[in-house]
Amino acid sequence: MQDPVDRSRRRFIFQTGVGLLAAASMPAWVRAMEMHGMPKLTPNRASPAFKPDVEIELAARQGSISILPGQATRVQHYTAKLLSGPKDTLTELPSCYLGPIIRLQKGQKVRIHFRNDLMEPTITHWHGLHVPALMDGHPMYIIDPGETFVYEFEVINRASLNIYHPHPHEITARQVYYGLAGGLIINDEEEARLELPSGEYEIPIVLQDRRFNAQNQLIYGPHMHDRMMGFYGDRILVNGQPNAEFEVASRAYRFRFLNGSNARIYKLGWSDGTPVTVIGVDGGLLESPETFPYVMLAPGERLDVWADFSGRPKGTELTMRSLPFSGVLPMMAEHMMGRGGRGGMGGGMMGGMGMMGAMALPVGSDYPLFKIRVTRETGESPKLPSRLSKIDRYTLDDVANPSKPVPIAISESPMAMLLNGRSYAFNDIQPFERIPLDTVQLMEIFHTSGGGHGMGGMGHGMRGRMMGMMGGHGSEAQEEGQGMGGMGMRGGMGMMFSMAHPIHLHGDQFQIISRTVAVDRADSYATVKDGLVSSGWKDTVLVMPGETVRMIKPFHHFKGVFMYHCHNLEHEDMGMMRDFLIE
Ligand code: C2O
Ligand code: CU
């Protein structure tokens with residue numbers, strides 16, 4: 001098939017030739033890139049015709065930040081400088097490794113000079129933003145130490161909280177873990193009219209988990225086991241701080257949650273049982289506020305929460321917790337952890353696992369995230385608007401493929417987490433991954449194993465169709481997945497490895513139209529299902545074991561290569577990632 005990136009051709013061939021000769025003396029990452037046929041492109045330069053409203057200098061560099069008492073922690077982090085544009089474009093989070101919050105307005109033209117001051121390649125992706133393919137931070141655009149990539153794009157997204165983070169193939173997880181991430185807020189007029197809490201009353205809350213050694217240095221060394229489940233810390237950091245507390249007035253706040261963890265999934269709930277009022281998700285405001293007993297937040301997802309402390313007397317304390325749930329790890333792992341797999345509270349469940357010995361904070365257990373302390377009483381508070389925004393809901397009448405959804409098949413085994421039966425490879429676009437520009441597509445995410453029973457004919461039909469589409473290109477991995485015993489794989493072994501995956505799609509945001517779960521997974525699903533926010537615009541969706549999610553996604557504005565992948569970053573680096581080619 002045709003190379004979607006023509007200008008890469010020459011250098012790609014050149015590099016491949018050199019690569020073969022010099023492989024032995026090259027650092028591991030170079031060899032990895034060569035093996036995946038990843039080109040080395042000339043970094044994009046500023047175009048004189050582009051007249052930016054905002055111009056920023058952004059750098060990824062090594063540094064040292066005081067996180068725990070005592071010795072400072074070596075990190076990798078983003079720093080930024082505003083070259084031109086509104087003064088409030090950049091906001092630093094105090095003594096924090098996270099990059100500054102970048103605040104942009106819909107319609108602004110933005111130029112970002114991104115310099116790599118690390119000692120390894122990187123590239124930055126604007127998670128949630130819809131920008132031209134060249135500006136999307138695809139791993140093919142990685143730059144070497146000392147190089148600068150110039151991004152130029154117009155903000156076409158609606159008001160929303162997004163993320164900027166690295167996206168180099170096979171080292172994204174480590175770079176994010178060591179601190180490379182930041183929040184990117186878009187504002188627009190529709191949102192401004194609502195006069196939502198702002199300034200000190202709008203609080204970004206970035207949730208992450210980390211492991212530190214005795215010298216306060218970050219530990220990251222995923223074993224095979226960690227790669228399969230994702231890498232979990234034993235300590236929660238909120239905006240880069242341990243034991244986070246916020247002092248508030250007795251009024252309404254806007255809490256803007258972002259899960260910046262590599263793998264950890266949270267079940268957010270107030271300690272006193274107050275319902276959680278959600279006003280927005282990944283792609284911005286909902287049509288109207290919705291309340292939940294708790295809300296799920298998977299890596300890469302965002303939540304806009306209305307937190308009203310009106311009427312709470314000075315001295316009130318409240319804790320945001322992650323509440324107990326089950327089913328997101330492979331059943332085999334849950335059994336090994338001695339919790340019986342279903343509905344357990346998770347107390348000390350990992351204790352018996354040597355390889356997870358450091359994991360004092362099991363995913364799905366009950367633990368505090370941060371504390372709220374009311375320190376000032378006030379009688380004045382904004383009221384929660386009953387209408388927030390206008391969302392045109394897509395229906396099956398709008399899609400180009402009502403009876404033939406674009407498949408995103410999840411297959412799981414200890415050795416490989418795959419999408420559509422294939423591990424990531426550059427320029428490996430399959431026929432069903434080519435999508436005509438300016439179409440609206442029905443898509444379906446499903447498990448090829450672990451959801452066999454109870455999915456009925458649709459499940460089997462989908463599987464059959466996916467395999468049919470793949471025709472003669474059967475990969476080994478696919479054969480492994482299918483060959484592990486047919487029914488046995490689906491009903492038995494396969495289920496043992498089935499787990500939750502936050503699936504993220506680059507490009508336009510999508511709408512979720514249905515979620516169904518296999519009956520044999522209903523018990524654990526019941527511990528999360530009332531906290532899944534499925535309305536509004538999304539770019540990342542938590543897909544539980546045995547779950548099938550249907551969504552409708554427009555493919556507008558830009559041709560080119562846009563990724564889809566698991567946002568469990570260890571899975572992503574393992575190759576649970578693919579490209580769509582919009583053409
Ligand atoms: Cu947040 Cu492709 O990533
Ligand atoms: Cu995954």
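**Group meeting: strands, a histidine and a copper site**

R103 stands opposite I185 in strand β9, and that pair is where I would like to begin. This is a predicted model, in which local features need pLDDT of at least 70 and side-chain atom pairs count only at pLDDT 80 or more, while totals for chains, interfaces and linings use all residues. Residues are numbered from 1 along each chain as its sequence is written, chains are lettered from A and ligands numbered from 1 in the order in which they are written, and side-chain values use heavy atoms, with hydrogens and water left out.

Strands here are DSSP runs of E with at least two residues, and helices are runs of H or I with at least four, both numbered from the N terminus. Two strands pair if DSSP finds at least two bridges between them. Strand β4 (residues 101-105) pairs with β9 in the parallel sense over four bridges, whereas strand β8 (residues 160-166) runs antiparallel to β9 and is joined to it by five bridges, with S160 standing opposite I186.

Is β9 enclosed or not? Six of the six residues of β9 (residues 182-187) are buried, so this strand is largely enclosed by the rest of the structure; buried means under 20% relative accessible area, exposed over 50%, and partly exposed in between, with a 1.4 Å probe and protein chains only. From β9, G182, L184 and I186 point one way and G183, I185 and N187 the other.

Let me turn to H77, which sits in strand β2 (residues 73-84) and is buried, with a relative accessible area of 12%. Leaving aside neighbours within four places in sequence, H77 has contacts (heavy atoms within 4.5 Å) that include A59, R61, Y97 and L180. R61 is 16 residues from H77 along the chain, yet their C-alpha atoms are separated by 5.5 Å.

Finally, the copper ion, ligand 2: which residues hold its protein donors? They are H501 (ND1), C566 (SG) and H571 (ND1), lying 2.0 to 2.1 Å from the ion. Donors are N, O and S atoms within 2.8 Å of the metal (3.2 Å for Na, K and Ca), and because water is not among the atoms, sites may look incomplete. Along the chain, the donors follow the spacing H-x64-C-x4-H. H501 lies in strand β25 (residues 501-505) and H571 in helix α11 (residues 569-574), so the pair ties together parts that are 70 residues apart in sequence. Both H501 and H571 are buried.
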